[in-house]
Amino acid sequence: MKSGKRRQGLSRRELMVAGSSTLLAGLGFQELNANHAEANPNSVGTPITGDQALQKLMQGNQRHLAGKAKHPEYTLTRLQEVAKGQKPFAIILGCADSRVPPELLFDQGLGSLFVIRVAGNIVDDSVLGSMEYAAAELKAPLIMVLGHERCGAVNATLTGGELPGHIGKLAEAIKPALARMKKSPGDALDDAVRANVQWVVEQIKSSQPILSNLHAEKKLKIVGARYDLDEGRVTIVA
């Protein structure tokens, strides 16, 4: 192209950028960016306590229940922030069940939750190591063990019988909880779900040296909760 002559049309790269911008605008990213400060009060990594972190989770669940989810922190600005480093305010050990996604039921977004998911929300060395990293290195002040209504892994353990493949390993981890389960006139499976959550919470609290020390020093709050599949409500049970 000669100097001073105006280029005709757009390059391939410019067309791709323009198309991406249009798509993002259609998905609401422009509006979300405008509301970034309000939706993401912890974006600058301001330290919060375990109690404050729990309150933030439960407020998000209330928005989820009311159908008023803000879907915070799904913004281009937030994407760039967390690309440089993460500072989640809570650690969630949840079940791998496809109906229980923590980011949605707590109405949180990119970089807010350090999520570990495994069938039956059981705990083992790899789970504990992940929690230790998030609590000690990332300074997340809260661990929530999140069980849920009609959990298949808990039900399989409660029903008994031989389980194929590695599924039996899940049952082995859940069985101690069922042995400690207190009988009630209510639903046996729901009692087992709660007992399993409580058992996992106890294991985390006693996990030495990192998690137990942080909990004893009140730098780490550890709670257990149950998610209601029918209502979408999270209730603290431990």
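Here are three short exercises on the structure above, each with a worked solution.

The structure is a predicted model, in which local features need pLDDT of at least 70, side-chain atom pairs count only at pLDDT 80 or more, and totals for chains, interfaces and linings use all residues. Residues are numbered from 1 along each chain as its sequence is written, and side-chain values use heavy atoms, with hydrogens and water left out.

**Exercise 1. Find out how many disulfides the model has, and whether C95 and C151 are buried or exposed.**

Step 1. Start with the rule: a disulfide is a pair of cysteine sulfur atoms within 2.5 Å.

Step 2. Apply the rule, and the count is zero disulfides. C95 is in none, as its nearest cysteine sulfur, in C151, is 4.2 Å away.

Step 3. Look from the other side: the closest cysteine sulfur to that of C151 is in C95, and at 4.2 Å this is too far for a bond.

Step 4. Now check accessibility, where buried means under 20% relative accessible area, exposed over 50%, and partly exposed in between (1.4 Å probe, protein chains only). C95 has 5% relative accessibility, so C95 is buried. C151 is buried too, with a relative accessible area of 1%.

**Exercise 2. Work out the strand order of the open sheet and name its edge strands.**

Step 1. Strands here are DSSP runs (E, at least two residues), while helices are runs of H or I with at least four residues, and both are numbered from the N terminus. Two strands pair if DSSP finds at least two bridges between them.

Step 2. Five strands lie in the order β2-β1-β3-β4-β5, with mixed pairing. The edges are β2 (113–117) and β5 (234–236), each of which pairs on one side only.

Step 3. Zoom in on one pair: β1 (residues 90–94) runs parallel to β2, with five bridges between them. Within this pair, L93 has I116 of β2 as its bridge partner.

Step 4. A helpful background point is that strands of a sheet pair through backbone hydrogen bonds, either parallel or antiparallel.

**Exercise 3. Sort the lining of the second largest pocket by class and find the helix that gives the most to the lining.**

Step 1. A pocket is an open set of points on a 1 Å grid over the protein atoms alone, where a 1.4 Å probe fits, with protein on both sides within 12 Å along at least five of seven lines; lining residues have an atom within 4 Å of a point.

Step 2. List the lining, which includes A177, M181, D191, W199 and E202.

Step 3. Sort by class: Ala, Val, Leu, Ile, Met, Phe, Trp, Tyr, Cys and Pro are nonpolar, Asp, Glu, Lys and Arg charged, and the others, Gly among them, polar. The lining has four nonpolar, one polar and five charged residues.

Step 4. Helix α10 (residues 188–205) gives the most, with six residues.
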